[in-house]
Amino acid sequence: MEQNKTYPNTENSKNEDFAKLQEWFYMCVNKWHWFLISFFVVGAIAVFYVMTTTPTYTRKASILIKDDDAANSLSKEFGAFSDMALGKSRTNIQNEMITLKSTTYMREVVQALHLDMNYTVDGGFHTQVIYGKDLPVNVVLPDVAPDQSARLTVKINGNSIELSEFSSSQAKDSQGKVVTGKLGTPIQTPIGKVIVTPTKAFVGKYDLPIHVTKTSVADCANKYCLRLNVDLNQERASVVDLTLDDESPERAEDVLNTLFEVYNKKWVEDINQQATSTSQFIDEELRLIESELGIVDQDISSFKSEHLIPNLQQASGIYMNKVESTGAQLLELNNQLFMAKYVKNQLNDGHQYKVLPVNSGINNTAISQQIANYNEMVLQRNNLVANSSESNPLVQDLDKSLAATKQAINASVENVIATLSDHIGTLSSSEAETKSKIASNPNQEKYLLSVERQQKVKEQLYVFLLQKREENQLSKAFTAYNTKMLNPPAGSKFPTKPLKKNLGIIAFVISLLIPMLIIFIICNVDTTIRFRKDIESLSLPFLGELPLSYKKRGGILGLFFKHKDVRTIVVQEKNNNAINEAFRVLRTNLEFVTGKDGKNKRIMFTSSNAGSGKTFISMNLATSFAIKGKRILVIDLDLRKASLSTFINSPTIGISNYLSENIDDFENIIVRGKSHPNLDVIPVGTIPPNPTEILFSERLEHLLDSVQDKYDYIFIDCPPLEIVADASILNNLIDMTVFVIRSGHLDKSILPNIEKFYVEKRYKNMVLILNGIDTSSSTYGYNYGYGYGYGYGK
């Protein structure tokens with residue numbers, strides 16, 4: 001049961017929505033000229049924007065950054081899985097992308113290319129940038145600091161120049177001053193010295209004035225950083241695409257090329273810094289070992305000279321060979337133990353972000369790999385801090401990684417030291433046992449063996465450091481770039497901004513949306529009654545609807561082509577246009593409602609507001625009945641306006657004179673057959689000062705009773721309801737009330753009042769007419785015109 005109750009409501013809602021959409025569509029079709037105007041206006045704005053906007057060109061370059069993912073793995077074994085995306089890290093690539101977009105690098109580019117100096121000339125609609133081969137002169141402002149801005153205009157006439165329109169952050173009140181000088185010579189101006197030098201593109205003259213703008217280096221670097229886009233070419237690739245937008249395509253290419261050169265230069269500087277640190281460490285150790293070797297050699301020489309110790313090597317025999325073998329092993333282990341303790345001291349010396357020696361000499365592959373990874377992360381961290389700050393999330397991540405790596409290296413070194421100490425202790429015990437068996441060797445030989453062993457350790461360590469120093473020097477001399485230019489800067493010769501095709505599409509869409517939106521708002525904001533569907537909620541009988549007899553011009557055209565609002569009768573015999581057919585239908589419906597017994601002859605025409613067309617309808621409907629052969633009397637009882645009386649040229653004698661007892665016989669006030677032989681009219685006559693009071697006259701009822709048998713219908717034109725009491729006074733004298741609503745003039749909020757009039761029977765036999773429907777703004781025109789024109793015309 002509930003479904004049966006709600007289903008019609010849902011269906012009605014859908015029908016109402018469809019009707020609104022249909023109404024909106026036909027209104028859009030009717031307002032086609034709005035779309036045409038919108039198209040021309042929006043199109044003109046789009047063309048103006050294209051012509052006044054300086055074109056921007058895009059240049060793109062691709063560079064390959066050598067990715068050392070395998071080196072960043074925990075061990076060499078993990079590096080073998082790099083192709084399978086196990087243990088891979090994009091941290092290096094992301095860091096390099098951030099570095100390429102840093103203001104530090106871009107600042108060097110700006111200074112190298114003098115991008116803080118911008119040269120423009122006036123074009124037809126927008127300014128044009130001149131750069132490179134198109135630039136005839138270079139302007140130098142030695143007195144303007146890099147962090148200051150300035151402006152001036154240069155006019156070239158042969159070897160002479162004229163400078164004007166000066167402005168800067170220091171001198172702002174020099175717009176009207178003009179300074180002249182020669183090319184290549186310093187010229188004193190309000191903004192300081194200015195030096196204008198010709199370029200290779202200078203041919204002796206330049207007709208257009210050149211506007212020179214000097215911006216601060218920092219602002220210029222920030223501007224180009226914002227214009228620069230750095231993106232990965234593919235997700236798992238190490239190829240980076242650099243894209244730059246600029247008003248000059250040549251300048252964009254120079255910026256990308258120079259940025260690539262600056263990046264490579266910085267990379268080499270970082271690598272050389274690491275090599276220099278290693279070289280300083282090796283040199284310091286070599287000097288220390290040289291000093292220690294000299295002391296050991298001196299001790300041995302002094303001891304042998306003092307004690308005259310012979311060579312007991314052969315006497316020692318087998319024991320000495322064993323001692324020698326043990327000593328060699330102890331030598332190697334002590335060497336590694338010394339380097340391990342040195343690395344440990346370097347880790348714990350208080351300098352957190354210091355590069356460790358690469359070639360430590362520790363015979364442990366894992367520790368060497370960890371030191372290499374640690375040094376690389378230290379360089380990356382210091383580079384990021386130089387370009388941003390320690391609060392950078394990438395710096396904080398690197399700090400955590402460095403702390404973890406440092407802890408791992410420290411633990412590994414401690415393990416190595418413990419292992420070496422155990423090995424040395426074992427070998428020392430073995431050596432002591434062997435030496436104890438040499439009972440015949442003097443104590444001097446023991447001392448010599450100890451000193452000679454120290455001597456050999458120092459000598460091997462010295463040779464080892466010399467070898468590492470040579471390797472470090474070769475590494476520094478043959479440092480290779482970690483980048484490669486795959487695709488040099490290039491791009492289309494056509495500007496990317498503004499894009500005319502896209503702008504044209506957008507302009508076209510906007511030109512459609514603007515009038516559509518306006519019409520949509522009008523349709524939804526308008527709360528007046530316009531069509532029959534708006535009054536379907538009323539229960540009183542609907543007599544019919546009438547289209548507009550003419551349409552007033554709106555807007556500017558309405559000011560020049562005003563329709564003369566005259567009282568005319570549009571109903572004509574044998575005329576099949578829409579308005580005549582509408583009145584014929586209205587006449588037929590009224591005959592059906594009044595019946596054939598003739599009891600409902602007296603019909604009052606009224607409305608809720610002025611201008612509803614009740615006078616027009618009463619007179620034309622009366623004419624339609626007269627054409628059919630009916631005898632009709634129309635009485636103008638709108639005693640204040642006397643609108644109906646204008647149809648017969650407003651006679652001076654009428655019903656007001658009769659009700660005021662100025663005329664005794666009502667036959668004298670009837671205007672007979674002026675517009676049609678079957679149509680008589682009683683005009684207002686003289687406008688009375690007391691229209692409401694004279695309507696209470698008994699003469700009015702006497703007049704209506706006297707003429708009732710002489711006419712088939714008596715139409716009475718009355719003032720609007722609720723405005724004056726005339727209609728209420730006449731209600732007792734009439735048989736039927738025709739309530740007229742004009743489309744677009746009555747708000748929908750009045751409908752409940754009209755329904756209340758009908759339900760409470762405040763006015764006799766109320767029927768409703770909808771007048772003045774705009775047939776061009778809905779489907780009404782098609783349906784009405786086709787139905788009536790075809791049916792009746794045939």
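This briefing walks through the overall make-up of the protein, one strand hairpin and one buried asparagine. Please keep in mind that the model is predicted. The protein contains 22 helices along with 21 strands, and its sequence runs to 794 residues, of which 43% are buried.

**Overall picture**

- If you look at contacts between residues at least 6 apart in sequence, 77% of them join residues at least 24 apart.
- On the outside, the protein exposes about 42,500 Å².
- Carbon and sulfur atoms account for 54% of that exposed area.

**A hairpin to find in the structure**

- Strand β17 covers residues 671–676, and strand β18 covers residues 679–682.
- These two strands form a hairpin, with two residues between them.
- Their pairing is antiparallel and runs over three bridges.
- To locate one of the bridges, start at valine 671, whose partner in β18 is valine 681.
- As background for viewing strands, side chains in a regular strand alternate between the two faces of the sheet.

**Asparagine 95 and its neighbours**

- Asparagine 95 sits in helix α4, which spans residues 91–100.
- Is asparagine 95 buried or exposed? Asparagine 95 counts as buried because its relative accessibility is 3%, and the cut-off for buried is under 20%.
- Leaving aside residues up to four places away in sequence, asparagine 95 touches Gln380, Leu384, Leu394 and Leu398.
- So that you can place this residue quickly, look for helix α4 and then for Gln380, one of the residues that asparagine 95 touches.

Terms used. Residues numbered from 1 in each chain as written. Predicted model: local features only at pLDDT ≥ 70, side-chain atom pairs only at ≥ 80, totals over all residues. Heavy atoms only, no water. Helix = DSSP H or I, 4+ residues; strand = E, 2+ residues; numbered from the N terminus. Buried < 20%, exposed > 50% of the residue type's maximum accessible area, 1.4 Å probe, protein only. Contact = heavy atoms within 4.5 Å. Areas by Shrake-Rupley, 256 points an atom, 1.4 Å probe, with all protein chains shown as cover. Pairing = 2+ DSSP bridges.
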